[in-house]
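User: I would like to go through some labels given to this model and see the reasoning behind each one.

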Amino acid sequence: MQYTYAPVSTAPAGDIEDYHKQLIDCLKQAGQKDMVIFGGDFNASVGTRTNRNETFCGPYGCNNGNNAGQKLQATLAGFCNATSFFQHHTYSTWQHPGKHTQHQIDYFFVHRRDLKRVRDASVFDFGMWPDSD
């Protein structure tokens, strides 16, 4: 099990690239048969499944995605957003300070082959919406 905190979208591009490289290096340390669970504040919106053949996201969660979410999906090929496969009351973990749109930027990811071993995955809404993280 691993926890991560990604740089915000306004961070220098080099910091974001370094983060993704470190994330890949961390995942490579796991054995082929190890069950890897990692969660964190990824500062990215991955959205929900857009077609039946998609395996990264399930049908639940915040629908909005962004460029950081697309990059995260590319980095995590073979993994899936476990929180999007279980129905819950809320998924949003951050609210845009100007637009007031809700986003999920905190996730739990597992290898796609291990999703069948997950019984539930969710995030908590504590009712606090900071101006930024």
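User: Why is cysteine 26 not counted in a disulfide?

Analyst: This is a predicted model, and in it the sulfur of cysteine 26 is 17 Å from the closest cysteine sulfur, that of cysteine 80. A disulfide needs the two sulfur atoms within 2.5 Å, so this pair is too far for a bond.

User: How do you know that cysteine 80 has no bonded partner either?

Analyst: The closest cysteine sulfur to that of cysteine 80 belongs to cysteine 57, at 8.8 Å. That is again too far for a bond, given the cut-off of 2.5 Å. The structure holds zero disulfides.

User: What makes cysteine 80 buried or exposed, and what about cysteine 26?

Analyst: Buried means under 20% relative accessible area, and exposed means over 50%. Cysteine 80 has 0%, so the label is buried. Cysteine 26 has 27%, which lies in between, so the label is partly exposed.

User: Why are helix 1 and helix 2 called roughly parallel?

Analyst: Helix 1 (residues 13-28) and helix 2 (residues 67-75) pack at an angle of about 30 degrees. Angles under 35 degrees count as roughly parallel, and therefore the pair gets that name. Their axes are 10 Å apart, and the crossing is right-handed.

User: Which residues meet where helix 1 packs on helix 2?

Analyst: From helix 1 come Ile16, Glu17, His20, Leu23 and Ile24, and they meet Lys71, Leu72 and Thr75 of helix 2. By class, the residues of this contact are four nonpolar, two polar and two charged.

User: What makes the phi of asparagine 43 worth a remark?

Analyst: Most residues other than glycine have a negative phi. Asparagine 43 is not glycine, yet its phi is near 45 degrees, a positive value. Asparagine 43 sits in the loop between strand 2 (37-41) and helix 2. With a relative accessible area of 12%, asparagine 43 falls under the 20% limit, so it is buried.

User: What is the phi of histidine 100, and where does this residue lie?

Analyst: Histidine 100 has a positive phi of about 60 degrees, although not a glycine. Its place is the loop between strand 4 (94-95) and strand 5 (102-103).

User: Why is isoleucine 37 called partly exposed?

Analyst: Its relative accessible area is 26%. That value lies between the limits of 20% and 50%, so isoleucine 37 is partly exposed. Isoleucine 37 belongs to strand 2. Leaving aside neighbours within four places in sequence, isoleucine 37 is in contact with Met1, Gln2, Phe109 and Val110.

Methods: Residues are numbered from 1 along each chain as its sequence is written. This is a predicted model: local features need pLDDT of at least 70, side-chain atom pairs count only at pLDDT 80 or more; totals for chains, interfaces and linings use all residues. Side-chain values use heavy atoms; hydrogens and water are left out. Buried means under 20% relative accessible area, exposed over 50%, partly exposed in between (1.4 Å probe, protein chains only). Axes are lines fitted to C-alpha atoms, for helices over the stretch in contact, and angles run from 0 to 180 degrees between N-to-C directions. Helices (H or I, at least four residues) and strands (E, at least two) are DSSP runs, numbered from the N terminus. Angles under 35 degrees count as roughly parallel, over 145 as roughly antiparallel, 65 to 115 as roughly perpendicular and the rest as oblique. A crossing is left-handed if the near helix is turned anticlockwise from the far one by less than a right angle, and right-handed if clockwise. Contact means heavy atoms within 4.5 Å. Ala, Val, Leu, Ile, Met, Phe, Trp, Tyr, Cys and Pro count as nonpolar, Asp, Glu, Lys and Arg as charged, and the others, Gly among them, as polar.
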